[in-house]
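Work through the short exercises below with the structure open beside you. Each task is followed by its solution.

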Amino acid sequence: MILLNKNFLANELAKWRNEGLIDRVTSEKIAARYDIDLQNIGDKKNFILKLVAYLFLALSLITLVGANWEEMPRYVRLLIIISILAFVNLSALFMLKKGRESTAISLFFLGNFCYGIAIALIAQIYHLGEHMPNGVLLWAVGAFVLSISTKKSILITQSLAIALLWFIMDIELRVSHEFLIFIAISFYMLLKDESKALTVMLFISIFVYIICNMANLSSFEFSQFMWYITINQIVLIGLSYSLFGISLSLVAQKFNKIKIAVALRWISLITGIAILLFAMSFISHRNYDYIDLNNSLAFYGRIYGVLHIVFATFSLIILAQFKRYYVAILALFLLILPFGVGYFFEYSNAIYSILSVITGAVLIKQDYLKLGLSTIFIVANVRYFDLIGDYIGTSLLFLLFAVIVLVVSRNKKAIKNES
Amino acid sequence: MRVKILISAIIFQILSLIAMLAYAYVPIYFGKEIKVDVTLYDPRDLLRGNYVSLNYDFSALPIKYRDLQKPGTKIYLALKDINGTYVKDEYSFVKPKNQIFLTGRIYGNRAKFGIEAFFMPIDKALQIERDIRQKGAWAILSVMDNGSARIKEIVLKE
């Protein structure tokens, strides 16, 4: 049974027990049959609540530091914050030794925040205003050192989020490729301690890194036209990256990395659909009226074009290997998509709309019924309100949507009849 | 073994804070005290609280030092003493000799020297902003031989 279903059944069992439908013994027997640890699922909720509580505690401390207590001498302020840091971390150590692991991890989580607050306090006391990201980098390094020594993915997730904050803040000066070190460490730790949160954070971090590199490269090459062109390229890369994420989730599932597979599929789907809907709503031919740089050759010839081909090709190979032929068709579409939006950029809206409806249909085919239907209805909604005069074109587009969805529905029916 | 590693990690965090403290304090202890003209306004930093953003007339770079340089390029500003107040002498990309200078980095059409933020409680920041508009102010800096500087205090002109 996959993890999502296990969580669902565990929650249902708790409800049935509370409603008196089944007794404790029966619920435990059912749980044991499906290898569900009812006790641990309750502990997990408590653990998440503890993390949220400590997050608010950290925010409270940050606000307190922000108040700038000038009446208090510098050394007293420093002593207080460093003592809090030492106390929190040593308490965590104590809890770990006593075997209360979840409390210990929550305290280390708070400790990493206290460490960042201490850095902010020193910067405040000595009016350090030169380059704030350096302070955030120090925070990320310290947090990573502690997190790696605990080997806990939730702390690595927190540290990677801090590193991502540093990377984004440092963009003002440069694209910091050192961020890849944090990504590599996090990936290694993910394999050691599976985690949904870390999978999602890694997916986001790598995507942000790719986008920032692209924006940085484009700004030197395209000057004033950079924005329009870069957005279209980010859409293309974003789509192939998301599909690659979905493909990798199949590989993770095969190697029994269930948590990674579930999280990767979820974040890839959401990202891919969000990008598609953005593209079909905002990538308009009006943006390209006076640009002819955005042709397919310009895209394929550059590093991010190669990256797009790599993502789409690997996705195609993996999806074919796992016999996911419907999704593999999307990978094929993605491979030729730069040609489409390159040569027919006046029709970018229509191209992305059709791709969105095909994606919606494939999602329904893969049993993501709600997600697929929502995608199709959003496309229909946006296109209907955005038709602006072109009634015939929009009517034809709707006709095409209807055909796509009908084809899928007929196939579904055929499969049902066969079964 | 695991406990030893964890203790080392905790000690690493505390030692890195002490190192940062030293980095912040050394220019104040060893640096030479100088006075420069300053104006300011009052923004807020999400992590460090309220501060006044200090503006020096030497922060705006002449055209020949802008644009061609990548953001973050090091730049040196030599200062000269005019009646007890230090003012801009010249910019260069090599360290000036036998002169007090500030080391900064280029950010677009401005240079930052690490002396642009002065943290204080919000009421005081707003008050000092009003006072400076009327009277003007000096920033008292402590400058090291290598050009790194810290702000010691803001003094209103009488």
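**Exercise 1.** How many residues of chain A are in contact with chain B, and how many residues of chain B are in contact with chain A?

*Solution.* The model is predicted. Step one: take contact as heavy atoms within 4.5 Å. Step two: count on each side. Chain A contributes 44 residues, and chain B contributes 39.

**Exercise 2.** Describe the interface of chain A and chain B by buried area and by salt bridges.

*Solution.* Start with area. The two chains bury about 3900 Å² between them. Carbon and sulfur atoms hold 69% of that area. Now turn to charge pairs. A pair needs a side-chain nitrogen of Lys or Arg within 4 Å of a carboxyl oxygen of Asp or Glu. By that rule, zero salt bridges cross the interface of chain A and chain B.

**Exercise 3.** Set out the secondary structure of chain B, in number and in order.

*Solution.* Count the elements: chain B has two helices and 10 strands. Then read along the sequence. The pattern is α-β-β-β-β-β-β-β-β-α-β-β.

**Exercise 4.** What share of the residues in chain B is buried, and what share of its exposed area comes from carbon and sulfur atoms?

*Solution.* Buried means under 20% relative accessible area. Of the 158 residues in chain B, 47% are buried. Next, the surface. Chain B exposes about 8600 Å², with 55% of it supplied by carbon and sulfur atoms.

**Exercise 5.** How many positive and negative side chains does chain B have, and how far apart do the centres of the two sets lie?

*Solution.* Count the charges: 24 are positive and 16 are negative. Then compare the centres of the two sets. They lie 8 Å apart.

Technical notes. Residues numbered from 1 in each chain as written. Chains lettered and ligands numbered in written order. Predicted model: local features only at pLDDT ≥ 70, side-chain atom pairs only at ≥ 80, totals over all residues. Heavy atoms only, no water. Helix = DSSP H or I, 4+ residues; strand = E, 2+ residues; numbered from the N terminus. Buried < 20%, exposed > 50% of the residue type's maximum accessible area, 1.4 Å probe, protein only. Areas by Shrake-Rupley, 256 points an atom, 1.4 Å probe, with all protein chains shown as cover. Lys, Arg positive; Asp, Glu negative; His and termini not counted. Charge placed at Lys NZ, Arg CZ, Asp CG, Glu CD. Buried area = accessible area lost by both parts, 1.4 Å probe.
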